[in-house]
Amino acid sequence: IEFLELTTTGALTFTNGIDSDIIGLNAGGAVTQGSGAGAAILTPGSGAATGLELLGKGPYTLTNANNAGSVFGASVTNDVSYTNAGSLSITSLGFSDNFGGNVPGIVTQGGAVTLTVLGAGNLLTVNAGAPIDTTNAGGTPAGADITLNADDMALGDAVNAGTGGIVQLAPVSAGRVIDLGTNSAGNLGLTDAELGEVTASLLR
């Protein structure tokens, strides 16, 4: 399947997987998935017209270790938790049929965000114009916690947990060094400019 859109006013559980270049989910209730390989969400395409877009209320708990995609975006009321088997890019998504309109990165209305990128050395990218924002652009100023887990990160836009949220940045590989101030090879390097993108009550 090249293009898949699912809309429901209630909850949604994936016991079997989805394989499509473009996946849009719009749920009025909790969205979960099973833990086996057969329940994975796959967006194997490449280029601008691919990715996973989450909309609606949620919360979304899509933490199957076999999920595999390259592009991700969300505009959700409640929590978003997503695990990906390889490198992941947070970007501004807009599908050709305008499903959900333009989704600028990951935005919640006070819902917490947890992103985990599995695999040694894999990269989590927050692209310019695609912030991670739990304050709904200031509409919920207290925000919520943001947890980013990846061996390498490129923070090119805001990571905004508001006045009350905690931001945690951590590698997934045991023993991976965190290098603050420089982006050194083989480490989770976070430059001064990248750290300056973070807004939170506490960064750890």
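Where does N136 lie? Let's work through that and a few more exercises on this structure.

This is a predicted model, in which local features need pLDDT of at least 70, side-chain atom pairs count only at pLDDT 80 or more, and totals for chains, interfaces and linings use all residues. Residues are numbered from 1 along each chain as its sequence is written, and side-chain values use heavy atoms, with hydrogens and water left out.

**Exercise 1. Place N136 and A137, and describe their backbone and exposure.**

Step 1: N136 lies in the loop between β18 (132-133) and β19. Strands here are DSSP runs (E, at least two residues), just as helices are runs of H or I (at least four), and both are numbered from the N terminus. A137 also has its place in the loop between β18 and β19.

Step 2: Look at the backbone. Phi of N136 is near 55 degrees, a positive value in a residue other than glycine. A137 is not a glycine either, and has a positive phi of about 55 degrees.

Step 3: Turn to the surface. Buried means under 20% relative accessible area, exposed means over 50%, and partly exposed lies in between (1.4 Å probe, protein chains only). With 31%, N136 is therefore partly exposed. A137 has 72%, so A137 is exposed.

**Exercise 2. Find the cis peptide bond at P59 and place that proline.**

Step 1: The bond from G58 to P59 is cis, with omega near 10 degrees.

Step 2: P59 sits in the loop between β7 (51-56) and β8 (60-62).

**Exercise 3. Trace the two open sheets.**

Step 1: Two strands pair if DSSP finds at least two bridges between them. As background, strands of a sheet pair through backbone hydrogen bonds, either parallel or antiparallel.

Step 2: Eight strands form an open sheet with parallel pairing, in the order β2-β5-β8-β11-β16-β19-β22-β26. Its edge strands, β2 (12-14) and β26 (202-203), each pair on one side only.

Step 3: Zoom in on one pairing. Strand β16 (residues 113-117) and strand β19 (residues 146-149) run parallel and share four bridges. For T116, the bridge partner in β19 is N149.

Step 4: Now take the open sheet of three strands, ordered β3-β6-β9 and paired in parallel. Here the edges are β3 (18-19) and β9 (68-69), each of which pairs on one side only. Two bridges join β3 to strand β6 (residues 41-43) in the parallel sense, and I18 stands opposite I41 in β6.

**Exercise 4. Which residues have the most contacts inside the largest nonpolar core?**

Step 1: Fix the terms. A nonpolar core is a set of buried Ala, Val, Leu, Ile, Met, Phe, Trp, Tyr and Cys residues joined through side-chain atoms within 4.5 Å. Contact means heavy atoms within 4.5 Å.

Step 2: The largest nonpolar core has 38 residues, and L54, F72, L115, L124, L148 and M153 have the most contacts inside it. A second, separate core of seven residues includes I22, L55, F95 and F99.

Step 3: Follow L54, which lies in strand β7. L54 is buried, because its relative accessible area is 0%. Not counting residues up to four places away in sequence, L54 touches L25, Y60, L62, F72, G73, A74, S75, V76 and V80.

Step 4: Compile the list for L115. Beyond its neighbours within four places in sequence, L115 is in contact with F72, Y82, I90, I106, L124, I132, T147, L148 and N149.

**Exercise 5. Why does the aromatic pair of F72 and Y82 count as stacked?**

Step 1: Rings of Phe, Tyr and Trp (its six-membered ring) pair if their centres lie within 6.5 Å; planes under 30 degrees apart count as stacked, over 60 as edge-to-face and the rest as tilted. By this rule the count comes to one aromatic pair.

Step 2: The ring centres of F72 and Y82 are 4.6 Å apart and the planes meet at 20 degrees, so the pair is stacked.

Step 3: F72 lies in strand β10 (residues 71-76) and Y82 in strand β11 (residues 80-84), so the pair ties together parts that are ten residues apart in sequence.

Step 4: Check burial. F72 is buried at 0% relative accessible area, and Y82 counts as buried at 3%.
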